[in-house]
Amino acid sequence: MTWTTEKRYRRYEDWTQEELKQIKENIAQSPWRASYHVEPKTGLLNDPNGFSYFNGKWVVFYQNFPFGAAHGLKSWVQLESDDLVHFEETGLRLLPDTQLDSHGAYSGSAMQFGDELFLFYTGNHRDENWQRHPYQIGALINQAGEVKKLDKVLIDQPQEATDHFRDPQIFNYQGQFYAIVGGQNLDKKGYVKLYRALDNDYTNWQAVGDLDFANDQTAYMMECPNLVFINEQPVLLYCPQGLDKEVLAYDNIYPNTYKIGQSFDTKTGRMVNPSPIQNLDYGFECYATQAFNAPDGRALAVSWLGLPDVAYPSDAFDHQGVFSLVKELSIKDGKLYQYPVPAIKNLRSQEFDLTDRPQTNNSYELELDLAADSQLELVLFADQAGAGLKLTVDLKAGNIQLDRSQAGQAFDLEHGTIRTAQLANEATNLSIFIDKSVFEIFINKGEKVFSGRVFPREDQTGILIKQGAVQGKYYELDYGRKAN
Ligand code: FRU
């Protein structure tokens, strides 16, 4: 299937029921649908949007193109959850159906005001010359899921920005509402712009200036910036496209990174003493992570386990992209930790010692403990010959390596099949979540994370300990009814 521009931007109402039926039938044939990760009902899922707490429920939306595995005309699809683990899809919410968002209801954030949820997002509009006009716009959604779009632009494209200006995040800092927007300036450098809500009115934004986070000025665009606070320390999570690899080594087409500041100076919009830039994830795909401070103060995050401009084997089955598990963020010894929320344990249905369980249904969790000085070679999604996703840990040498070259259908070879990270030579814990075609590996309860996708063959369902002594538990995971 070739995705021409015309096809990507075909109006939603022009797709027929018959076409949608065919897409659904094709998806039903896919061997790679996840069992406990959020994925799109149909088509492509990309960024998490509007992650929030609304009237006693957790809410998150996904960017969706429903008609196939392509980046076409985007909308927001709503999910709700009681426990941040089980998500139920409750409807298509922001459609690209006005002049301001005619070419896509692009990414943004959400916050409850009164008994409505305010959605702050980017309306992507293209004029008759296909010139892009990014509008930061809003909508209110009530408890019944009814959407009322605000009929005005809340933040205009600033003079110093190109048409790459998007992804507003609203946040509350010490009782004042702020927003940050990612952009590209006229020198084609990525930057983040900070606004404050006058009189705390979310329809009235005044520019404070560029967010000062010691931007190294090598990226050409900052997508999806988020500022959260952990014990008063600001943490900026963002996607600096084109970041110089001398500034930070990374292998994926686009990195997802963070910086931790000591404090936040609201007058000047400065993160005081920002840390060096760090990778949020060491795996093959993790992008557009959205984080927010929940009403209880916790910083929660969810990522898109996918990347722009990458083709996936599941495309042939008309689906692409999944969400990560919801991760709680914390800071320990100046480092950011990310670990699934405690309710994830409720998925555990049966427990075995790891050696008892060579064959699986590829829907499980492993908890492994390694002693200092040890080595481990573990193959997940292993076939009879031991080929699969190979995890090698060498604590003496101080590194961990993940190789997906033998794990089913190859893809994105351009960016390599191996990912590595450094580890200290000390007792090390690994929490590994496997879900059909998804893996998330948390080292030392979230000190480092490797996330990504593999597209295994049908016979790749084993776990093989090729080398090393490991103490471990295997938990079969049972989600119950899958909502989508
Ligand atoms: C990041 C992104 C955002 C944009 C959205 C469109 O993946 O490019 O910057 O708002 O996706 O779907």
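F442 counts as buried in this predicted model, because its relative accessibility comes out at 0%, and anything under 20% goes into the buried class. Its place is in strand β32. What separates F442 from K473 in sequence and in space? Along the chain the two are 31 residues apart, and from C-alpha to C-alpha the gap is 15 Å.

Just before that strand comes S437, which sits in the loop between β31 (428-435) and β32 (438-443). Is S437 buried or exposed? With a relative accessible area of 0%, S437 is buried, so a place in a loop does not put this residue on the outside. The side chain of S437 also has partners. One is the backbone oxygen of W32, which the S437 side chain reaches at 2.9 Å. Another is R453, whose side chain is joined to that of S437 by a polar contact of 2.8 Å.

A second serine, S35, makes a handy comparison. S35 is found in the loop between α2 (17-28) and β1, and it counts as partly exposed because its relative accessibility is 21%. The cut-off for buried is under 20%, so S35, at 21%, ends up in the partly exposed class. Which side chain does the side chain of S35 touch through a polar contact? That partner is S363, at 2.9 Å. S35 also shows how sequence and space can tell two stories: D478 is 443 residues away along the chain, yet the C-alpha atoms of S35 and D478 are 8.2 Å apart.

P66 offers another pair to look at. The C-alpha atoms of P66 and D383 are separated by 34 Å, with their positions 317 residues apart along the chain. P66 itself lies in the loop between β2 (57-65) and β3 (75-81). At 8% relative accessibility, P66 is counted as buried.

Now for the ligand. The space it takes up is the largest pocket. Which residues make up its surroundings? They are N46, D47, Q63, K74, Y106, S107, R166, D167, E223, C224, Y287 and W304. By type, this shell breaks down into five charged, four nonpolar and three polar residues. Several strands take part: β1 (43-54), β5 (105-113), β9 (161-173) and β13 (221-230) each bring at least two residues to the shell.

Some of these neighbours come within polar reach of the ligand's oxygen atoms. For Q63, an N or O atom of the side chain is 2.6 Å from a ligand oxygen. For K74, a side-chain N or O atom lies 3.0 Å from an oxygen of the ligand. S107 does things another way, with a backbone N or O atom placed 3.1 Å from a ligand oxygen. How much of the ligand's accessible area does the protein cover? On its own the ligand has 320 Å² of accessible area, and the protein covers 92% of that.

One residue of the shell, E223, leads on to a further contact. Its side chain and that of Q241 are joined by a polar contact of 3.2 Å. Q241 is found in strand β14 (residues 233-241). Buried or exposed? Q241 counts as buried, because its relative accessibility is 8%.

Finally, the backbone has a couple of oddities. Most residues other than glycine have a negative phi. A214 is not a glycine, but its phi is positive, at about 60 degrees. Where is A214 found? It is in the loop between β12 (205-210) and β13. With 44% relative accessibility, A214 counts as partly exposed. D373 is another non-glycine residue with a positive phi, here about 75 degrees. D373 has its place in the loop between β26 (363-370) and β27 (375-382), and it is partly exposed because its relative accessible area is 44%.

Terms used. Residues numbered from 1 in each chain as written. Predicted model: local features only at pLDDT ≥ 70, side-chain atom pairs only at ≥ 80, totals over all residues. Heavy atoms only, no water. Near = heavy atom within 4 Å. Polar contact = N/O pair within 3.5 Å; in protein donor to acceptor, adjacent residues only side chain to side chain. Areas by Shrake-Rupley, 256 points an atom, 1.4 Å probe, with all protein chains shown as cover. 1 Å grid on protein atoms, 1.4 Å probe; cavity = no way out; pocket = protein on both sides within 12 Å on 5 of 7 lines; lining within 4 Å. Sits in = over half its atoms within 2 Å of the grid points. Helix = DSSP H or I, 4+ residues; strand = E, 2+ residues; numbered from the N terminus. Nonpolar A, V, L, I, M, F, W, Y, C, P; charged D, E, K, R; others polar. Buried < 20%, exposed > 50% of the residue type's maximum accessible area, 1.4 Å probe, protein only.
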